[in-house]
Amino acid sequence: MAKDLANEIGYTYIDTGAMYRAVTLYCIESGFLIDGCLDEEKLKEQLPDIEIRLKYNPGTGRPDTYLNGRNVETEIRRMDVSSQVSRIAALSYVRKALVKQQQEMGKEKGIVMDGRDIGTVVFPNAELKIFVTASPEVRARRRVDELLAKGEPVTYEEVLANVLERDHIDSTREDSPLRQAGDALLLDNSVMSVEEQKAWLLDQYKKRITVD
């Protein structure tokens, strides 16, 4: 929905979750995140060497995530990354580094930024904030459909467990917990179609532009 809005209004779309997923993938591929055990000293040491870029893909009309010059858009969506990303995202030094990058990206405005702490931490003064939610069961089913379409064998049960675990970790972490900003509009899209979501969001954008 955020990607579609950005395309509709000619803004740049930034998926901050993809940035945390890229760091997680780097840890897995570098061998210091094995079976859930993380070597934090190695991550701290190598974090400055992790370069993450979001580059527009004209074929899809959406940005791809690049990790140290390599397109990892497919790899960062794997379940082994999903199962560990909230743990990496809870680390204060990782959040500090990536939030700084995200704020730099947004200095010139004209962006739609998607993430779990955008309205509360990254851009607390954003012109429009939308807190999107849906039931864990609906989100798990959507995620299963997405992964199966990409050829990754998963079960509904494991994806639902991952959704619930990530929500718990992200909502209870000490640094930048997941929560709705006081001035954010709430959208529960559990029973909405894609077209209904797009229409609702575009309407909110137009209302805010008119007010401004």
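**Exercise 1. Find the volume of the second largest pocket, then work out what surrounds it.**

*Solution.* Let's start with the size: this pocket takes up about 230 Å³. Keep in mind that we're looking at a predicted model. Next, the walls: 16 residues line the second largest pocket, and T12, Y13, I14, L54 and P63 are the ones nearest its centre. Now move up to the elements. Two or more lining residues come from each of α1 (2-9), β1, β4 (52-57) and β5. Which of the elements gives the most to this lining? That's β4, with five residues.

**Exercise 2. Sort the lining of the second largest pocket by class.**

*Solution.* Go class by class. You should get nine nonpolar residues, then three polar ones, and finally four charged ones.

**Exercise 3. Say how many cavities of 30 Å³ or more the structure holds, and describe the largest cavity.**

*Solution.* First, the count: there's one cavity that reaches 30 Å³ or more. Second, the space: the largest cavity holds about 40 Å³. Third, the lining: look for K3, Y13, D15, A18, L54, P63, T65, E73 and R77 in the structure above. Fourth, the strands: β1 (12-15) and β5 (62-67) each chip in at least two residues of that lining.

**Exercise 4. Sort the lining of the largest cavity by class.**

*Solution.* Take the lining residues and split them up. Four are nonpolar, one is polar and four are charged. To check the charged group, pick out the Asp, Glu, Lys and Arg residues: K3, D15, E73 and R77 are in the lining.

Conventions. Residues are numbered from 1 along each chain as its sequence is written. This is a predicted model: local features need pLDDT of at least 70, side-chain atom pairs count only at pLDDT 80 or more; totals for chains, interfaces and linings use all residues. Side-chain values use heavy atoms; hydrogens and water are left out. On a 1 Å grid over the protein atoms alone, a cavity is a set of points where a 1.4 Å probe fits but cannot get out, and a pocket is an open set with protein on both sides within 12 Å along at least five of seven lines; lining residues have an atom within 4 Å of a point. Grid points are joined across faces, edges and corners, and a volume is the space filled by probe spheres set on the points. Helices (H or I, at least four residues) and strands (E, at least two) are DSSP runs, numbered from the N terminus.
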